[in-house]
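Biologist: Please take me closely through one part of this model, its nonpolar interior, and work outward from there to whatever bears on it. I would like a connected account rather than a list.

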Amino acid sequence: MARKHRNDFASQDVESEPVICPLCERVIPDDQIEDHHLVPRSKGGKIKVPLHGICHSHIHAAFTDAQLAKKFSTVSAIVEDPEIQKFVN
């Protein structure tokens with residue numbers, strides 16, 4: 001059985017950095033973090049970004065999977081959309 005080293009426990013005492021939603025630029029509480037696939041999984045996407053649940057829901061209400069895959073596959077493209085800007089403001 002492997003021995004536990006003092007350094008193994010030190011990382012547990014460190015507070016994690018707050019997660020910032022790239023859409024609304026606010027801190028996301030731990031219980032509200034949802035992963036958004038920039039390209040939907042149905043279209044072969046693997047890269048994810050953390051979002052507020054409400055921000056994530058709004059993206060999927062505003063765009064189809066095909067639109068997300070073709071035109072809105074980056075956070076900056078999503079944020080530049082007028083409907084998303086209106087929601088965020």
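Modeller: Accessible areas here come from the Shrake-Rupley method with a 1.4 Å probe, and for residues only the protein chains shown count as cover. On that basis the accessible surface of the chain comes to about 6800 Å², of which carbon and sulfur atoms hold 50%. The model is a predicted one, and 27% of the 89 residues in its chain count as buried. The chain contains 5 helices and 4 strands, arranged along the sequence as α-β-β-β-β-α-α-α-α. Among contacts with a separation of 6 or more, 43% join residues that are 24 or more positions apart.

The interior itself can be taken up now. The largest nonpolar core has 16 residues, and C21, L23, I59, F63, I78 and I84 are those with the most contacts inside it. Two or more residues of this core come from each of β4, α2 and α4, with α2 giving the largest share, 3 residues. Helix α2 spans residues 53-62, and its buried residues are G53, C55, H56, I59 and A62. An α-helix has 3.6 residues a turn, so residues three or four places apart point the same way. The buried residues of α2 pack against β3 (33-37), β4, α3 (65-70), α4 (75-80) and α5 (82-88).

One residue with many contacts inside the core, I84, shows how these parts meet. Not counting residues up to four places away in sequence, I84 touches L23, H58, I59, A62, F63, I78 and V79. Of these partners, F63 also takes part in the 1 aromatic pair that the structure holds. The ring centres of F63 and F72 are 4.0 Å apart and their planes meet at 25°, so the pair is stacked; stacking asks for planes under 30 degrees apart. Both rings belong to buried residues, with a relative accessible area of 7% for F63 and 6% for F72.

The cysteines deserve a separate word. C21, at 0% relative accessibility, is buried, and C24, at 13%, is buried too. Which cysteine sulfur lies closest to that of C21? The closest one is in C24, at 3.8 Å, which is too far for a bond, because a disulfide needs sulfur atoms within 2.5 Å. A search of the whole structure accordingly returns 0 disulfides.

Both cysteines also reach H52, which lies in strand β4, residues 48-52. With its neighbours within four places in sequence left aside, H52 is in contact with C21, C24, R26, V27, I28, P29 and Q32. H52 counts as buried, at 7% relative accessibility.

Strand β4 leads from there to a charged pair. The structure has 1 salt bridge, formed by D35 and K48, whose closest N and O atoms are 3.9 Å apart. D35 lies in strand β3 and K48 in strand β4, so the pair ties together parts that are 13 residues apart in sequence. The 3.9 Å distance is to be read against a cut-off of 4 Å. Neither partner counts as buried: D35 is partly exposed at 43% relative accessibility, and K48 is partly exposed at 45%.

To draw this together, α2 gives the largest share of the core, while β4 contributes to that core and also holds K48 of the salt bridge.

Note on methods. Residues are numbered from 1 along each chain as its sequence is written. This is a predicted model: local features need pLDDT of at least 70, side-chain atom pairs count only at pLDDT 80 or more; totals for chains, interfaces and linings use all residues. Side-chain values use heavy atoms; hydrogens and water are left out. Buried means under 20% relative accessible area, exposed over 50%, partly exposed in between (1.4 Å probe, protein chains only). Contact means heavy atoms within 4.5 Å. Rings of Phe, Tyr and Trp (its six-membered ring) pair if their centres lie within 6.5 Å; planes under 30 degrees apart count as stacked, over 60 as edge-to-face and the rest as tilted. A nonpolar core is a set of buried Ala, Val, Leu, Ile, Met, Phe, Trp, Tyr and Cys residues joined through side-chain atoms within 4.5 Å. A salt bridge is a side-chain nitrogen of Lys or Arg within 4 Å of a carboxyl oxygen of Asp or Glu.
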